[in-house]
Amino acid sequence: MKRYLIGAISALALTATTVAAEYPEKEIQGIIQWGAGGSTDTVMRSVTPHAEAALGGTVVMQNMTGAVGAIALNYVADAEADGYTVLMGAENPMLYKIMGLGDKDYGEFVPINILARGTPLLVANNDAPFNSYSEMIAYVKENPGTVRFGSTGPGGLPSVVTAMINAVEGELDVIAVPYDGDGPALTGLQGGAIDVMPAVLGAAIEGVRAGNMKALAVFDTAENDKLPGVEAVAEVNDGYNTYLPWGPFFGVFVPKGTPDDAVAKLSAAYAEGAKNPEFIELMEGRGFTLMGISGDEAEAFLSKWQQGTAWLLQDAGLTKASPEEFGIARPGE
Amino acid sequence: METLMHFLTVFSDPQLLLLVGLGTFAGVYVGAIPGLSVTMAVSILISFTFSWDVYPAISLMIGIYMGGVYGGSRTAILLNIPGAPSAIATALDGYPMAKRGEAGTAIGVTTVMSFIGGFIGIGVLALAAPFVSDFALKFQPRDYMLLAILGILLVGSLSQGSLVKGIFAGALGIAIGAVGRDPLTFAERFTFDFRLMEGGISFIAVMIGMFGVSEALLQLHHVDKDAVRQKITRIVPSLATVKKHLPLSVQTSTIGVTIGALPGTGGDIAALMAYDHAKRVTKNPDREFGDGAMEGLVAPETANNAAVGGAFIPMMTLGIPGDAVTAIMIGALFIHGLNPGPMLMIDQPDMFWFIVGCLVMANCFMLLFGLTGIKLFTKIVEMPRSVLIPLIMLLSIVGAFAVNNSITDVYWMLGFGVFGYFMRHYGYPLGPVILGVILSRLLDDNWRRAIISEREDLGNFFAGVFGSPLSTVLLIAVVLIFVSQTPVWAWGKSRIFAKKENT
Amino acid sequence: MQHIDPDHHDGTSDATPGGEPDKRRPGELVFALVMLLASLFLLNSAYGIAGFDALSSPGAIPMATTAAMVLSAAVILWNTAKLPLDRTESLIKDILPLTVVMFALFLVAFGVLLKPLGFLPTSALFLIAAIKILGKRSWLWTVGIAVFSLVVVWLIFRIVFTVLMPAGIVPEAELIQFFRNVFAGGAQ
């Protein structure tokens, strides 16, 4: 009886939708790789309503945390590739393989939209005995083993930025104090638990504006208009041009094998959503560089990003397995 | 004058008033159901209120927050199943009262005390926020570590019966908290190479299993016994009762605000610490602790509601979240085009006073909804056990799944449910397990941060501890509390008192 | 003498632990032994994380806590072994009566069926079976209560809190979309 009833209702539902049997015919599950309140979460929750409007469907967003985002990545990769399960993630899955965190990365996915890129910023505690990037390098070289850098685990933004500094300036002897995210680390910085922290600009900018911490340098090829007067590392040391511009990114992905129709519709919807003036204002206010790329352009961006970062970490001796093992070519080869 | 206007915004706008009320009402129920958390409700509200103005959105969220923190006590008292981690201590004395048919009194006291605690928290937020946040920033990794050790010493007051069993349970909790990939180095710990263990064990799943499912399994022993009839004639506690507990509630509220204001610690730890404090300072309780002592209700409930105001302190002054809920609220402010950070107080002081106003309003609504509708709630316990037990089990399953949308969490929850059932039978206290899981990360991460900062040098580490007044005070507290739990203390005390009698 | 006040040692509340201070309950010794063995196993596993590498290694705190577990479990085992066995209780009657075993099995079945069958059918089966067995009332009453409470739970979690429980064989998302279309159509 019950089964019959369910069957009847679902048959009814099917006939009702065959009139417009087009994607999306039901709600889409959006899996956010990081916890509620984090930057990936905020970015996704602010762009998706605009994309929903363009798509004419519903996206139910859920946070799935754990194992540095690998749980969410595996969940979506294992889900049916029908366009109804979407991954909303950040850059770090591109490093899972070499960090020994998993055997999957965005190579198993089709990028729907790479929304934006962040710029790393080097900030210091107000009492630190240096006021600029050059002064910091000089100080660290004179006082080895005393300056404390915040870090967020291997493969995180601080580890990449630190590897970059070491590659360009020569090995610096600093203490890397591990935190479980840039929020807690910046809190520690303000309280004097650490002296220097490489963080994404958006996370630190309010603290800098209020004078609670000082900005040493932006990790970019040119000064950032949000922070006039703060030097760009590439202008100080030409060596950085090899690696920059570099930054963490946010993107929306579906598993490979998703029907083209669904990919096209989702891409169009998110491209439209990313053009929303409110969203643009919000992202620019936080110092993010809008990208809004998809398709081949996004694939090219991803593989370039992966090559550069993976080999940087490999050369710094931070990886568990060589990028070579996974066919990640050295940049420029 | 200007600030007063913003403070009064919420009182003068019927729409906002309604939203705060609605939020608080919903919050009480969200908090009462184990597995539905305020964190979850608020993050869903972000999407839900996306297109709204910022004021109504914030009003609703604050209502849910205030109501939810309070609501956790309901199921703790009535069913011995804390609706939220911050209500674990409430169950210790609340449930024995309900077993005597005094659930009405227990809920009444809890409500009034939550109200008082809430107000003290809001008061500190309104009057001393910058000062408190400066103090909170002073906490170094070693101080957080000492705080965690202080927390672990609570095992003593949470283990009625055998202390050794309590220590075992506490250590087990810390080990459970370490399962999965270490968030600092990504090393695998206790995963035994299973991929599904990498994400670790959600502590909410452990809590729901140990308190929810194991309680339901135990209740199966007397399905046929009639439920205890609850007396609900005297709900509002007398002025004398309130007056009697006022000094204690001020002390425990202070604990609540401080712990709440520290980034990384919240109402759950505050409530347990307050319970311990109450046990220490209450000389002659009318009833023993664990047997339905009123003080055992007053302390955790004032503390966890005071922690709400506390959590807003670093959020409003520095843009640093005081707990998980305020972290999401920061995201909400950001989505609504504000820049939550240290400049918020300077650029937009109206927001600060508006939030204070909302909190005050939500606190009043909490008192209102808390003291009414108790009849409906007590009906839950008077439901036939044959329906109640399966429902508790179902809710536990859904709740465990909802925390992180993970079936693995459901399996853990069921496993710990059965395990907890045996633990109860053999006299192992469950509170310390949850305490251990809550404190595990705080202890582990900060110990490592502290020792790495000193390059593995214990000498420098202790030099740091004694070089800072804050660390020294915390260390002395740790030593004193530890000694007070060992026989040396009792022996010393008896010597001193014996001498006094002689002279 | 034979009958012990059930309120005294049924362990219904954490505040009044079910253990008896001066007697050993049936199965308690085995439980204590299992705890000791499990603690030893975990200690070994904690040692495997990083060995005695550094004070700051990810294995340091796990090793310290598992060592504490081993020590306390050993003391508990020793204390328990010294206590006289409570002869008024039996494992089958007081610790693991049939209903408890049956419900534990129900829960296991729930966990196993949840994914393939889906949340709604599994929960319906569980509630109906559980309420029927415990309540011993008519089928109509049982099914009515079960379905009603399931619908309430489902509405709260699935609709209000958008928790996507495994759908299994029930086309939940399509159903919801259908109703959404109906309402959207009605509104136009």
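Start by selecting Met61(A): with a relative accessible area of 10%, this residue is buried (that is, under 20% relative accessible area, where over 50% is exposed and anything in between is partly exposed, using a 1.4 Å probe and protein chains only). Before going on, note that this is a predicted model, in which local features need pLDDT of at least 70 and side-chain atom pairs count only at pLDDT 80 or more, while totals for chains, interfaces and linings use all residues. Residues are numbered from 1 along each chain as its sequence is written, chains are lettered from A and ligands numbered from 1 in the order in which they are written, and side-chain values use heavy atoms, leaving out hydrogens and water.

Now show what surrounds Met61(A). Leaving aside neighbours within four places in sequence, its contacts (heavy atoms within 4.5 Å) include Gly30(A), Ile32(A), Met88(A) and, from chain B, Ser47(B). Thr48(A) is also in contact; draw the C-alpha to C-alpha distance and you get 8.8 Å, across 13 residues of sequence.

Switch to cartoon. Met61(A) sits in strand β2 of chain A (strands are DSSP E runs of at least two residues, numbered from the N terminus). Next, pick β1(A), residues 28-32, where five of five residues are buried. Ile28(A), Gly30(A) and Ile32(A) point one way, Gln29(A) and Ile31(A) the other.

Finally, look at both partners of β1(A); strands pair if DSSP finds at least two bridges between them. Five bridges join β1(A) to β2(A), residues 59-63, in parallel, and there Ile31(A) has Gln62(A) as its bridge partner. Four bridges link β1(A) to β3(A), residues 85-90, also parallel; here, Gly30(A) is partnered by Val86(A).
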